[in-house]
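Biologist: Hey, got a minute? I'm new to this one and would like a quick tour.
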Amino acid sequence: MEAPAPLRKSLALLFCDLAGTTRLTAKEGDLVASAVFREFYEHAGRLSGEHHSLTIKFIYDAFLSVFANIDDVMPFVISIERLFAENPMLVGRFAGFHFSLHYGEVVLIETSYGREVLGEAVAVVAELNGAARTLPQEIVVSQAALERMPSSYRQLAGPSEFYEFKRLGKSVEFHRISLAG
Amino acid sequence: MSSISSNPPLPVIYSAGTRSVRDLRTLVSEVAEGRGLRCLRSTGDGYLLTFYDPQSAEMAAIRTVEAAFELLRRSVLRNRQVSEERALNLRCAVHLGEVDIVANDREGPHISMAYLLEEISRASLPAALNPIPPEQFPLQNYVLCSEEVAGILSRRAQQWELSSIGLLKLKGFPGWREVFWCSPKQRKHSSAPVIVKNH
């Protein structure tokens, strides 16, 4: 059967990186860590489907999730936070999350290992993640994404900051939105 | 006693997938000694090499990539003369950075980086961002290089084509690292780099 043609589209991209995974592996061992990650992958995958994510790609202690409707992103982020507050296997095992959100054109393709998302926007959201803090818990949102978010979240956004992307040779304007409470 | 090199040598790893390590050592010596080889250390089924150039570290990087392609060329020629069991199939990774010089060895995070680059294979690509399709990544006989080396080659050497294979997380190193597949420019339109066929 022929694979579907690549789909080029402007989408919302959410990147999540778990903090404290090195400590988890050092403290509890790699067997426990891999079981914890399996639990995380299973539930995060389920939640992404429930929140209409087009695809979710796990990269060890991180994931990239893509949404056609940016309004679906924050409910998904909150569900991930809740997962780590309520799931007995996950509670207390991580130092928090780094969340970043960007909006841009990407290509969705089917590959030999599943659906893949490609494009400069992918590199932007992954690099932007380095600006996110866990204390206080927050999400960093590019200006392009913020402009498309519901007004209730736009009102919570902090002042403009800029992230220098040496690799891309440009800077990206972003804002911080607190996830506390 | 260890010391920090003032003019950074270049760590490289050549890894062989066969037991013909002695032949590999001979080939490595032939191609590397005239190009500023400073250290040659066995890693079991391959070698760690570091290079030095009196002009600049950037020239050392270029000499190293030259050595890697010459090594691939010679191993292909050799493979035509030997049985399949004795064929050398190589993966090369080139990185540039400052290293600690110890007797007959080199140490430091840039050495680790070179090893991590050398470990990259098709199986690594699903965990990369913006990866090339795994089927396009060669199984053997190729040269990978780090962002640092790719930057030098793109500025100072026109004979090689650089293709990003994606952004990868390398264990022990923060952030994302873009890794490049280096191939001779005249083979731009070929679908795969050197494929070894035994007679």
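Biologist: Let me start somewhere specific: which residue does B:V143 stand opposite in β10(B)?
Modeller: That's B:C182. Keep in mind that this is a predicted model.

Biologist: OK, and how do the two strands run there, parallel or antiparallel?
Modeller: Antiparallel: β8(B) and strand β10 (residues 177-184) of chain B are paired over three bridges.

Biologist: What about β8(B) and strand β5 (residues 90-94) of chain B, how many bridges join them?
Modeller: Four, and those two strands run parallel. One pairing to look at is B:A93, whose bridge partner in β8(B) is B:L144.

Biologist: Which residues of strand β8 (residues 142-145) of chain B are buried on each side?
Modeller: On one side B:Y142 and B:L144, on the other B:V143 and B:C145, so both faces are covered, given that side chains alternate between the two faces of the sheet in a regular strand.

Biologist: Zooming out, how many helices and strands does chain B have?
Modeller: Four helices and 10 strands. Along the sequence the pattern reads β-β-α-β-β-α-β-β-β-α-β-α-β-β. Of the 199 residues in chain B, 42% are buried.

Biologist: Switching topic: how many residues does each chain bring to the contact?
Modeller: Chain A gives 12 residues and chain B gives 12 residues. On the chain A side, helix α4 (residues 120-128) supplies the largest share, four residues.

Biologist: And what kinds of residues are on that side of chain A?
Modeller: Seven are nonpolar, three polar and two charged.

Notes: Residues are numbered from 1 along each chain as its sequence is written. Chains are lettered from A and ligands numbered from 1 in the order in which they are written. This is a predicted model: local features need pLDDT of at least 70, side-chain atom pairs count only at pLDDT 80 or more; totals for chains, interfaces and linings use all residues. Two residues are in contact if their C-beta atoms, placed from the backbone, lie within 7 Å. Ala, Val, Leu, Ile, Met, Phe, Trp, Tyr, Cys and Pro count as nonpolar, Asp, Glu, Lys and Arg as charged, and the others, Gly among them, as polar. A residue is buried if 20 or more other C-beta atoms lie within 10 Å of its own, exposed if 12 or fewer, and partly exposed in between; C-beta atoms are placed from the backbone. Two strands pair if DSSP finds at least two bridges between them.
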